[in-house]
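Open the model in your viewer and keep the selection panel handy. We will go from one chain to its neighbours, and then to a sheet.

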4 protein chains.
Amino acid sequence: MSDFPIVDLLSKPEHTLKTIYVACRTCYSALYPIKIWEDATDEEKMLNLVKKVLASGHHSTVEHCQFVFAVSGVSRACTHQLVRHRHMSFSQKSQRYVTEKGEFEYITPKKIENSSLNEEYKEMMKKISDFYAKMVEAGIPAEDARSVLPNAATSSLIVSLNLRELMHLAQLRLCTNAQLEIRTLVKKMCDLVIEQEPWLKDYLVPKCEIKGYCDEIRGCGRKPQKV
Amino acid sequence: MSDFPIVDLLSKPEHTLKTIYVACRTCYSALYPIKIWEDATDEEKMLNLVKKVLASGHHSTVEHCQFVFAVSGVSRACTHQLVRHRHMSFSQKSQRYVTEKGEFEYITPKKIENSSLNEEYKEMMKKISDFYAKMVEAGIPAEDARSVLPNAATSSLIVSLNLRELMHLAQLRLCTNAQLEIRTLVKKMCDLVIEQEPWLKDYLVPKCEIKGYCDEIRGCGRKPQKV
Amino acid sequence: MSDFPIVDLLSKPEHTLKTIYVACRTCYSALYPIKIWEDATDEEKMLNLVKKVLASGHHSTVEHCQFVFAVSGVSRACTHQLVRHRHMSFSQKSQRYVTEKGEFEYITPKKIENSSLNEEYKEMMKKISDFYAKMVEAGIPAEDARSVLPNAATSSLIVSLNLRELMHLAQLRLCTNAQLEIRTLVKKMCDLVIEQEPWLKDYLVPKCEIKGYCDEIRGCGRKPQKV
Amino acid sequence: MSDFPIVDLLSKPEHTLKTIYVACRTCYSALYPIKIWEDATDEEKMLNLVKKVLASGHHSTVEHCQFVFAVSGVSRACTHQLVRHRHMSFSQKSQRYVTEKGEFEYITPKKIENSSLNEEYKEMMKKISDFYAKMVEAGIPAEDARSVLPNAATSSLIVSLNLRELMHLAQLRLCTNAQLEIRTLVKKMCDLVIEQEPWLKDYLVPKCEIKGYCDEIRGCGRKPQKV
């Protein structure tokens, strides 16, 4: 359970860099984009242009690249945060239609795991699980019985988003002020993408790295506070 | 608690019908819209045009009207459903930054309330509340302690959306297949708007009323199933 | 020029049907989605489930599939319509930064081409082109000189959208009431996708085919008017 | 015509500052938002909190305030730029359904007006107008005849957007690198809002004022370039 959340990259663009490069060139060129596409072979030249365009803040060009992830072992507290990102697409396991069998899966935050209350936490989860089962047994529909299920109960989702939104997600959720679980989840998503496209490592970073300063009310010291 | 969720309409457009009418006319008129606006006084004429445009499916014209609601006494199970509507805006009470004092507020689904398990449900909520308090007392941050808080725990939000999205929300969430709590919430939102603009009662209805048939896998019988 | 607009499919999902199937199953299954993904091999079974889910109107599951197109030879009248689709992503040739050399490319609507005014149309385009060139020559910036360029002047774009939006686009823009040029453009986009995924031919259709009736004020007779 | 574009504010929130304040407080308070709303009377206290929240980058709280504008005398070149803002709502005069009578209205960019080509520009517009009329006379539908109409031809729109998007629009379109016409349009929109809510003048500014530096490839010198 220490590997939670479980994240897999199901799908990525066939040609990430080339797609972005052709999008950038299309804006400033008299050539047909299909011609630019066919002639685009020089990786270094492509990377140079894309970096220049991204530095100038014209991020719509990276919307053409979509990534699809399978996510499991993530708490419903975390998914409630995640689905607030309105440019993303989600297909999430339903607690209305899927009845938990046996003890439900749940996460244990590090600070509870490392505390003297860890055992009592497990017992509480067991009690909740038993009462959930009892209600289901008594004919209470899953959609109502789930009222007792805790924020810690895990969920599964298919998540997709384009590269612009992934950059935005990273900027917000890799920030030290984001909760550890979503920070871990987004870090795993970014790492899987960077594994495919190493040049993206400079763009999948917390917002302070892009802005050069921290605008949070309480900063972590990584970058100086904005005056 | 039987009045849950608590819904108030905080803000509405200054001139709902007139705004939509002017938007409709602007598309098909050589006149400046400010001229149309100044001359728009005949309610019946306005209503006739707007109804005709809406019937033909051109719903972008109603996006210019926004409604703002204050919502309380709504479960986090329900808000997790609500925030999936990506054209709406939300400001929600944070379980990370607001520590529950005393017993947390929670909803009790009708089917549990009316069952023999109602007392045990209350006891379980009390146990969870006690353990939450114990964790907070022991120095576990609220953002981690909330792991035990159940789906039934209530939340508060400011919710805003335009009329197009409210129509869409009604179509999906007034459907008998929507869960009772969100159905009740959306019904209250619609009723508050209809109180202001009675002519909207024909548009704030479940999808089957618009389509003339039910496309759900299991229908409720209100309209015939789509063949 | 009779082949306008020019449309190429640059990128498609690696596994369209499988991605949608896994998204559908994730909502209703206790299994981890990565497990569903790994076990998904039976095309017919996948197709059956996906069709059932789509019939019931749960279209968020097809948002996980994105398609990227290169489009050229399309008028700015048409692109002004196209970019109104707010769930799509665009990178469009700029008339501010790209100065037209020689005569600009333009479209000729069928009804003009087949009329006695076709020659005069061509002459007018030539006059406009000459005056544009004269202004540029005189030092007027391209962004101002383009004021005389007509709606018929062509543009190029990279266009990307997910399958849900493509279905929506088809429903609106394959309608006989849509202007011929955008209808042709969207038809070509749909045909390229259907070539890859033949089962999608039932979903990339005008709205009347989905609804069973026509809700336009003036219908074309393909389906009966809504009463 | 020197007053182009013509911009009027048709609708604004009933209580802009109070709405934002209650949204901010709702996130961090145990109180019901309706209670916060009823007790919110101290303007200075409200402003202080809102400024603090905005400084920390939490901008979703200002989405609850929508503004509606009537815009006329704006070129179709400009509206093609404007409708790229996908969080805004538009109802625009249709060149398909509205046939131009007499000479169409058009804008003249300052650099053309002040050049020796101004008269020739007017003559070209007259020629285009005559040919448009001739085509319409000959039975060519307006939707095809408009092919000759220039980018300079004006349009009218109803435009609505929330305060978050207005801030974003200002950041991009008040930048010296934006084209003069859209800069003028957005400046007028912002001025009308600032007239109602003077405290917003610090937020309706070009992006360099927020970031403290310029990230454009070619800056205007207002702020230092990002290193």
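What radius of gyration does chain A have, and what would a compact globule of 227 residues have? Chain A has 22 Å, whereas the globule would be near 17 Å; the radius is taken over C-alpha atoms, and the globule rule is 2.2 Å times the number of residues to the power 0.38.

Before you click further, note that this is a predicted model, in which local features need pLDDT of at least 70 and side-chain atom pairs count only at pLDDT 80 or more, while totals for chains, interfaces and linings use all residues. Residues are numbered from 1 along each chain as its sequence is written, and chains are lettered from A and ligands numbered from 1 in the order in which they are written.

**Stop 1: chain A**

Select chain A and align the view to its principal axes: the C-alpha atoms fill a box of roughly 70 × 40 × 25 Å. Switch to cartoon to find 10 helices and 4 strands (DSSP runs numbered from the N terminus, helices being H or I with at least four residues and strands E with at least two). Walking from the N terminus, you meet β-α-α-α-β-α-β-α-α-α-β-α-α-α.

Now colour by domain, with bounds from an automatic or database domain assignment. Domain 1 of chain A takes 6-71 + 155-211, and domain 2 takes 108-152. Their centres, taken over C-alpha atoms, are 38 Å apart.

**Stop 2: chain C beside chain A**

Add chain C. A turn of 180 degrees with a shift of 0.0 Å along the axis lays chain C on chain A, with an RMSD of 0.0 Å (superposed by least squares on the C-alpha atoms of residues with pLDDT of at least 70 in both). The two copies are therefore related as by a two-fold rotation axis. The same surface serves both, as 100% of the contact residues of chain C recur in chain A.

Highlight the contact: 39 residues from chain C and 39 residues from chain A, where contact means that C-beta atoms, placed from the backbone, lie within 7 Å. On the chain C side, H1(C) gives the most, with 6 residues. Colour that side by class and you get 18 nonpolar, 16 polar and 5 charged residues (Ala, Val, Leu, Ile, Met, Phe, Trp, Tyr, Cys and Pro count as nonpolar, Asp, Glu, Lys and Arg as charged, and the others, Gly among them, as polar).

**Stop 3: chain B beside chain A**

Swap chain C for chain B. Here 31 residues of chain B are in contact with 30 residues of chain A. H6(B) provides the largest share of the chain B side, 6 residues. That side divides into 16 nonpolar, 5 polar and 10 charged residues.

Chain B also goes onto chain A by a turn of 180 degrees. Which residue of chain B comes closest to the rotation axis? Pick Pro150(B), whose C-alpha is at 2.0 Å.

**Stop 4: the sheet of chain D**

Finally, show chain D and find its open sheet of 4 strands, in the order E1-E2-E4-E3 with antiparallel pairing (two strands pair if DSSP finds at least two bridges between them). At the edges are E1 (6-11) and E3 (89-92) of chain D, each pairing on one side only. E1(D) and E2(D) are joined in the antiparallel sense over 5 bridges. Label Asp8(D) and you will see it opposite Ala70(D) in E2(D).

How values were computed. Two residues are in contact if their C-beta atoms, placed from the backbone, lie within 7 Å.
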